[in-house]
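Trainee: I would like a close look at a single part of this protein, rather than a tour of everything. Please choose one that links up with much of the rest, and show me what surrounds it.

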Amino acid sequence: IAPDSVALRTPGDAQTVTWRAYADQVRSVAAGLAALGVKRGDTVALMMANRVEFYPLEVGAQHVGATSFSVYNTLTGEPLRHVLDNADVKVVMCEAQYVEVVKASG
């Protein structure tokens, strides 16, 4: 794979990410999660709309050995709290639009 070829794209190529940029983003996410104390065996949740930025976050979590999973972005309150508690989530990564929903879930 050529490092400058497209790894991720949105429909119509409105946004593209090369393999090189993808790898850099994954390394940055992994380093950030490691700095937060995330390690092998921890659980990381992602609450995002369908977007290119999801993939480096998910793979970055996996690079530190964490188990990552996506949370339905329609969940709120007690159902969201149940999912996060049940999975013993160490970190939640979300878009700005979901910060208050995550905070309100406890």
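Mentor: Below I follow strand 5 (89–94) and the parts around this strand.

A word on the ground rules. This is a predicted model, in which local features need pLDDT of at least 70 and side-chain atom pairs count only at pLDDT 80 or more, while totals for chains, interfaces and linings use all residues. Residues are numbered from 1 along each chain as its sequence is written, and side-chain values use heavy atoms, with hydrogens and water left out.

Let's place the strand. The protein has four helices and five strands, where helices (H or I, at least four residues) and strands (E, at least two) are DSSP runs numbered from the N terminus. Read from the N terminus on, the order is β-β-α-β-α-β-α-β-α. The C-alpha trace spans about 45 × 30 × 15 Å along its principal axes.

Now to the neighbours in the sheet. Three strands make an open sheet in the order 4-3-5, with parallel pairing; two strands count as paired if DSSP finds at least two bridges between them. Strand 4 (67–70) and strand 5 are the edge strands, each with a single partner, so one side of each has no neighbour in the sheet. From one strand to the next, the twist averages 25 degrees, an angle between lines fitted to C-alpha atoms, taken in the N-to-C direction on a scale from 0 to 180 degrees. Strand 3 and strand 5 pair in the parallel sense over five bridges. As an example, V91 in strand 5 is the bridge partner of V44.

Next, the packing. V44 also turns up in the largest nonpolar core, where L33, V38, V44 and M93 touch the most other members among 14 residues. Such a core is a set of buried Ala, Val, Leu, Ile, Met, Phe, Trp, Tyr and Cys residues joined through side-chain atoms within 4.5 Å. Strand 5 supplies at least two residues of this core, as do helix 1 (19–35), strand 3 (43–47) and helix 2 (54–63). M93 is a good residue to click on: leaving out residues up to four places away in sequence, M93 touches L33, V44, A45, L46, M47, M48 and L57, a contact being heavy atoms within 4.5 Å. There is also a second, separate core of nine residues, including M47, L80, Y98 and V102. In soluble globular proteins, nonpolar side chains tend to be buried together.

L57, one of the residues that M93 touches, brings us to helix 2. The buried residues there are F54, P56, L57, E58, G60 and A61, with buried meaning under 20% relative accessible area, exposed over 50% and partly exposed in between (1.4 Å probe, protein chains only). These buried residues pack against strand 1, helix 1, strand 3, strand 4 and strand 5. Just after helix 2, G65 takes a positive phi of about 90 degrees.

Look now at the loops on either side of strand 5. D88 sits in the loop between helix 3 and strand 5. D88 is exposed, at 61% relative accessibility, and has a positive phi near 50 degrees although this residue is not glycine. Most residues other than glycine have a negative phi. On the other side, E95 belongs to the loop between strand 5 and helix 4 (99–104). E95 is buried, at 11% relative accessible area, and touches M47, M48, A49 and R51, not counting residues up to four places away in sequence.

Finally, strand 5 borders the largest pocket, which holds about 170 Å³ of space. A pocket here, on a 1 Å grid over the protein atoms alone, is an open set of points where a 1.4 Å probe fits, with protein on both sides within 12 Å along at least five of seven lines, and lining residues have an atom within 4 Å of a point; points are joined across faces, edges and corners, and the volume is the space filled by probe spheres set on them. Its lining consists of R81, L84, D85, D88, V89, K90, V91, V92, V102, S105 and G106. Helix 3 (77–86) and strand 5 each supply at least two of these residues, and strand 5 gives the most, with four. The exposed D88 is thus met again in this lining, as is V91, the bridge partner of V44.
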